[in-house]
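Reader: I am new to this structure. Please show it to me, and then let me ask how its labels are earned.

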Amino acid sequence: MDAVFRADVPYLNPDRIRHTAGIGIGIGIGIGIEPTTLLSAVAAVTRHIGVVGTVSTSFSEPYNVARTFATLDHLSGGRVGWNVVTSAFGERNFRLDELPSQEERYARAAEFVDVARGLWSGWERDAWRVDRRAGVFADPDRVHRLDHRGRFFQVEGPLDIPRSPQGEPVLVQAGASGPGRAFAAGFAELIFTAAQSADQAREFRSDIRELAVAAGRSADDLVVLPGIKTIVAETEREAAALNRELRDLIDAEAGRADLEKVMGFVDLSGIGLDERIPAERLAFDERALGRRQSGPALFRRLALAHGYTVRQLVEEQVISAGHKIVVGTPESVADLLQEWHASGAADGFVVIPAVANASAFLDGVVPLLQKRGVFRRDYEADTLRAHLGLPGRG
């Protein structure tokens, strides 16, 4: 079982990161800091954990992205991953009046990833000679131009940086809609997902593995990690109290507008915070289909299944962004993770500990999983790709 730790806090404690470096494979920060710069800082104070950065294919160019992640992979000793996203918002910050359709964004993203991978493979493994006496930096016969001319990009290449320690960074994706799954199945190696039950998680994992096989890949070349929001305390009563405390901190009215946007421009105005949301008010605007599909569908499904009020649905969005919320003792949380893993619902988890509660998971749940023999006590390799059991690249 693997885990990616995500910290929803606006700071890093390097000492704490070093302390936890023997048990996790990654760490994410739930704030708006530019990710590749942050990865450099995290990589500098860690030795083993993987660092994964989100960069959009809609608002970037493949040469720059390929060069940046190759550089980060060198700086980290082979511990970098790229979370490939097509972006649902933000177009007006990038000279666009309207966001292209979802179909268009995925087509661009597919070509974008192909170009990046072509650039990474442009340097053969033994191309870097560094022969001072002969004055040779690299063997030109082992460094290849890409000369790509496609629908969206024209890229000559090659990169001006040698092949990275992993061959290429680990490719990560989180699309859950039909087009998103098909896109991920074609190239992604680490796949995030949101599931409210083990059955939902199993369905997703089974489907994405089948799609990968249909795309000519091995199902074992994918690692599927559902997100789990953990609220952990020594007793069930203390965990429930912490859960209630976190919910009481939420400004539900402020969250209403954000929820409407996340759900696909639904109209929740005029509904009292503690009134159930009528089913007819949960039909999302057609504009949402060109941006996101899985997010609106997820929250609509939650609201209908549980008869949520506006306040309850806002709390779900703010606290977990639609991921499974697990509230309990270290034993009960460890039991759930182990059950999901053993039943084929997950290869591991994206662990999203509650604010100021991360240590309860690290100090309580992880030792139990280690004692049960389902979680490593130390790293057995050096690269993120190897930690995940993924095949090497080049």
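Author: This is a predicted model. Its pLDDT averages 86 over the protein, and 89% of the residues score at least 70.

Reader: What makes residues 5–30 a stretch to treat apart?

Author: There pLDDT stays under 50. The model still has 75 contacts for residues 5–30 beyond four places in sequence. Where pLDDT is low, the predicted coordinates should not be read in detail.

Reader: What is the protein built from, and how many of its 394 residues count as buried, as a percentage?

Author: The secondary structure comes to 13 helices and 13 strands. Of the 394 residues, 51% count as buried. Buried means under 20% relative accessible area.

Reader: What share of the contacts with a separation of 6 or more joins residues 24 or more positions apart?

Author: That share is 71%.

Reader: Let us turn to helix pairs. Why are H3 and H4 called oblique?

Author: H3 (residues 62–76) and H4 (102–120) pack at an angle of about 50°. Their axes are 9 Å apart. Angles under 35 degrees count as roughly parallel, and 65 to 115 as roughly perpendicular. About 50° falls in neither range, so H3 is oblique to H4. The crossing is right-handed.

Reader: Which residues make the contact of H3 with H4, and of what class are they?

Author: H3 brings Pro62, Tyr63, Val65, Ala66, Phe69 and Ala70. H4 brings Phe112, Val115, Ala116, Leu119 and Trp120. By class, they divide into 11 nonpolar, no polar and no charged.

Reader: How do you know that H5 and H6 are oblique to each other?

Author: Take the angle again. The axes of H5 (residues 178–187) and H6 (residues 198–214) cross at roughly 55° and come within 8 Å. Roughly 55° is neither under 35 degrees nor in the range 65 to 115, and therefore H5 and H6 are oblique. H5 passes H6 in a right-handed crossing.

Reader: What makes up the contact of H5 with H6, residue by residue and by class?

Author: On H5 the residues are Arg181, Ala182, Ala184 and Ala185. On H6 they are Glu203, Phe204, Asp207, Ile208, Leu211 and Ala212. The contact has seven nonpolar, no polar and three charged residues. Asp, Glu, Lys and Arg count as charged, so Arg181, Glu203 and Asp207 are the charged ones.

Reader: Which residues of H5 are buried, and what do they pack against?

Author: The buried residues are Gly180, Arg181, Phe183, Ala184, Ala185 and Phe187. They pack against strand E4 (80–85), H4, strand E9 (170–173), strand E10 (190–193) and H6.

Reader: Why is the pair H11 and H12 called oblique?

Author: H11 (330–342) and H12 (residues 358–371) pack at about 55°, with axes 9 Å apart. That angle lies outside the range under 35 degrees and outside 65 to 115, so H11 and H12 are oblique. Their crossing is right-handed. The contact joins Pro330, Glu331, Val333, Ala334 and Leu337 of H11 to Phe361, Gly364, Val365, Leu368 and Leu369 of H12.

Reader: What makes one residue of that H11 and H12 contact polar?

Author: The contact has eight nonpolar, one polar and one charged residues. Gly counts as polar here, so Gly364 is the polar one.

Reader: How do you know that H10 is mostly covered?

Author: Eight of the 11 residues of H10 (residues 310–320) are buried. They are Val310, Leu313, Val314, Glu315, Glu316, Gln317, Ile319 and Ser320. Their cover includes strand E11 (223–232), helices H7 (236–248), H8 (252–262) and H9 (294–306), and strand E12 (324–328). Just after H10, Ala321 takes a positive phi of about 55°.

Reader: Why is Gly344 called partly exposed?

Author: Its relative accessible area is 21%. Buried means under 20% and exposed means over 50%, so Gly344 is partly exposed. Gly344 sits in the loop between H11 and strand E13 (348–353). Beyond four places in sequence, Gly344 touches Arg202 and Arg205. Gly344 and Asp199 are 145 residues apart in sequence, yet 9.4 Å apart in space, C-alpha to C-alpha.

Reader: What makes Arg142 partly exposed?

Author: Arg142 has a relative accessible area of 26%. That lies between 20% and 50%, so Arg142 is partly exposed. The loop between strands E6 (136–138) and E7 (148–149) holds Arg142. Among the residues Arg142 touches are Gly122, Trp123 and Asp126.

Definitions and conventions. Residues numbered from 1 in each chain as written. Predicted model: local features only at pLDDT ≥ 70, side-chain atom pairs only at ≥ 80, totals over all residues. Heavy atoms only, no water. Axes fitted to C-alpha atoms, helices over the stretch in contact; angles between N-to-C directions. Helix = DSSP H or I, 4+ residues; strand = E, 2+ residues; numbered from the N terminus. Parallel < 35°, antiparallel > 145°, perpendicular 65-115°, else oblique. Left-handed = near helix turned anticlockwise from the far one by under 90°. Contact = heavy atoms within 4.5 Å. Buried < 20%, exposed > 50% of the residue type's maximum accessible area, 1.4 Å probe, protein only. pLDDT = per-residue confidence, 0-100.
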